[in-house]
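Work through the following exercises with the sequence and the model open side by side. Each task is followed by a solution that proceeds step by step.

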Amino acid sequence: MVEKEVERTIDALLEERREFEPPKEFTAQANANDPSIYEHAQKDPEAWWESQAERLSWSKKWDKVLEWNPPHQEWFVGGKLNASYNCLDRHLEESGDRIAYHWIGEPGDARSISYQELHAEVCKLANALKELGVQKGDRVAIYLPMIPELPASMLACARIGAVHSVVFGGFSAGSLRDRINDADCKILITADGGYRRGQNVPLKENADEALAETESIEKVIVVKRTTDDVAMSDGRDIVYSDLLESQSDKCEPEEMDAEDMLYVLYTSGTTGKPKGIVHTTGGYLTGVSSTHHLIFDIKPDSDVYWCAADIGWVTGHSYIVYGPLANGCTSILYEGAPDYPDKDRYWSIVEEYKATILYTAPTAIRAMMKWGVDYPQKHDLSSLRLLGSVGEPINPEAWIWYQEFIGAGKAPVVDTWWQTETGAIMISALPGITKLKPGSATVPFPGVVADVVDEKGEPVGPGSGGYLVLKRPAPAMMRTIFGDDDRYRETYFERYGDETYFPGDGARLDDEGYYWLLGRVDDVMNVAGHRLSTYEVESALVAHESVAEAAVVGRTDPKEGQAIVAFVTPRSGHEGNEDLSKELRQHVGKAIGKIARPQSIIFTDDLPKTRSGKIMRRLLRDVADGNELGDVTTLQNAPILDEIKKKADSQADDKDDK
Ligand code: WTA
């Protein structure tokens, strides 16, 4: 019986005890510094979200806050607004000259664009799209590098009520083709190319390849970024600047229903074809504006905010485009890689633009740990007052490193949990209120109701691991999967019923109600009857001074069910060898318990990651089990897998020899 009980949930064994109270000076000036905000929201979540919707400009107020027909939800029913109006027009009178984006190209070119200028560009493109026959509800595919034309294209769609589908510029022709076909897009906006680590990314060539197998695209708009010669198809392809030349810089925004679709964004789960996540207008904008204001503590007239994600991911949609622009703040938009031309590129940008807030991913932070502190220490980072993390659970040691070496020990670090599907941050500290614990995303945002439950949906209570669920709708949540509502229900609601959203992540609650995310439930290992999260073993490894990054998987083992295999990237100046391997096994044993000691450790310079930087454990499982590799289409750094495979094979040979 007891054994079964254990099997049902996830054993959470790692304990992290460091805590950081919000600095007094930070609290004094914070947008959120009154803890009663949580009580108000809990007492009446709808009234709370309504107060947040009032941050926006509506052309008609809603009749009803929430219409909940589980698993479906509608927010601010009957309300009318336009997203591009909210992101641009309403700021013009008072702050039209304020910079919306300091754009920095990878080769070193740069341009600062005011709200007024962005508004003019958006209106011109909106008029051009209309001229090309784009109507309200039509889908427009956008396949661009991180250049100002990307947010401008999204807002131009929003202005006329067209639905944008942004496809990350690092995706291949095949991925672009599938996404265009799934959403039946009418127009494609792309570029001749883009820059990545000094290389030219041939976007137009990819687009042409994709378009050979799509039927819905009528026109292709091509931004000239690299000035390379690219093939232009007569009658179909139009140069962006030519198209805008004759257009008026005024365009009436289309009045949209709160529940009209704003965009679709594809997310690839672990299996199956990518899901087109549908976000609508009023609820989404409310969620991103509110979270951006309260979590990032935005002061529009003084902050220089930098979210270093790519707009091709939801993080960029919500926290480079819609949240920051709805709040009228100044952002940095950087085109390139963090290590080009050198590994201090981020820090030279922070120094030059005096960035005050930086939002990035654990994968980037761990890369910086690997490169060493000399890079940040070459630069003056004293302008930074707040740091954020998103995308994966952040290992406590990476959190501490980030706080100490990037935030000079004074900037709070907000670890924000959310998903493409939730649209906005769901679990995070409010930095003027919440005590921080490295490795914990802390507590649900006001108005968000979460819990950690077992297989049957019963709360596991403090101390135990289980499955994270959301028990009430929140306005920015997805509405459905494009063209496949059955899949929406199956994927997220089958497990616990229509009223309980299951995001697919494991978590643990501590006795203060803090959430400790344990990674995707697909990654959980079963070691001698214990369900262990890969994240905890990885965090224990990263806590060792010699380790920058680690990925842990379960290898099928006849005795234990699964045996733990760790793939470890040493920090610069450390060497992966037999001695270190022994030391690390001991170290994990001490930190978590003998049960969590890796059976084998493979040292590698890098780990296989998705294009958004998440470690692909499923491929490492294939390597550990000696299986054929599964689907590698979303893999960012394919060559590293061959290297890891060779090392794993040679270790297996060594064992055979012994
Ligand atoms: C993971 C990115 C732990 C999680 C916004 C989630 C996190 C998935 C965190 C969504 C975090 C994101 N702590 N895990 N702070 N943030 N995740 O759709 O597994 O690219 O389900 O959205 O990333 O990834 P997505």
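**Exercise 1.** Determine how exposed D260 is, and which residue forms a salt bridge with it.

*Solution.* Begin with the accessibility: D260 has a relative accessible area of 21%, and therefore counts as partly exposed, where buried means under 20%, exposed means over 50% and partly exposed lies in between, with a 1.4 Å probe and protein chains only. Next, look for the partner, taking a salt bridge to be a side-chain nitrogen of Lys or Arg within 4 Å of a carboxyl oxygen of Asp or Glu. The partner is K136, and the closest N and O atoms of the two residues are 3.6 Å apart. Then place both residues in the chain: K136 is in the loop between α6 (115-131) and β6 (139-143), while D260 is in the loop between β13 (256-257) and β14 (261-267), so that the pair links distant parts of the chain, 124 residues apart. Here helices (H or I, at least four residues) and strands (E, at least two) are DSSP runs, numbered from the N terminus. Finally, K136 is partly exposed as well, its relative accessible area being 44%.

Before going on, note that this is a predicted model, in which local features need pLDDT of at least 70 and side-chain atom pairs count only at pLDDT 80 or more, whereas totals for chains, interfaces and linings use all residues. Residues are numbered from 1 along each chain as its sequence is written, and side-chain values use heavy atoms, with hydrogens and water left out.

**Exercise 2.** Set the salt bridge of E213 with R177 beside that of D208 with K204, and find where each pair lies.

*Solution.* For the first pair, the closest N and O atoms of E213 and R177 are 3.0 Å apart. E213 sits in the loop between α9 (203-211) and β11, and R177 in helix α8 (residues 173-183), 36 residues away in the chain. E213 is partly exposed at 49% relative accessible area, and R177 is partly exposed at 24%.

For the second pair, the N to O distance between D208 and K204 is 2.9 Å. Both of these residues belong to helix α9 and stand four residues apart, about one turn of the helix. An α-helix has 3.6 residues a turn, so residues three or four places apart point the same way. The accessibilities are 25% for D208, which is partly exposed, and 1% for K204, which is buried.

To complete the survey, the count of salt bridges comes to 41, and a network of salt bridges links E19, K435, K437, D510 and E512.

**Exercise 3.** Locate the cis peptide bonds between P70 and P71 and between Y340 and P341, then the positive phi values of D184 and T227.

*Solution.* As background, most residues other than glycine have a negative phi, and most peptide bonds are trans. Start with the peptide bonds: the cis bond joining P70 and P71 has an omega of about 5°, and P71 is in the loop between β1 (64-69) and β2 (72-77). The cis bond joining Y340 and P341 has an omega of about -5°, with P341 in the loop between β17 (330-334) and α13 (345-353).

Turn now to phi. D184, which is not a glycine, has a positive phi of about 55°; D184 lies in the loop between α8 and β8 (187-191) and is partly exposed at 47%. T227 has a positive phi near 60°; T227 is in the loop between β11 and β12 (237-239) and is exposed, with a relative accessible area of 66%.

**Exercise 4.** Decide whether helix α16 is largely enclosed or open, and list its buried residues.

*Solution.* Count first: nine of the 11 residues of α16 (residues 396-406) are buried, so the helix is largely enclosed by the rest of the structure. Then identify them: the buried residues are P396, E397, A398, W399, I400, W401, Y402, Q403 and I406. After the helix comes A408, whose phi is positive, near 50°.
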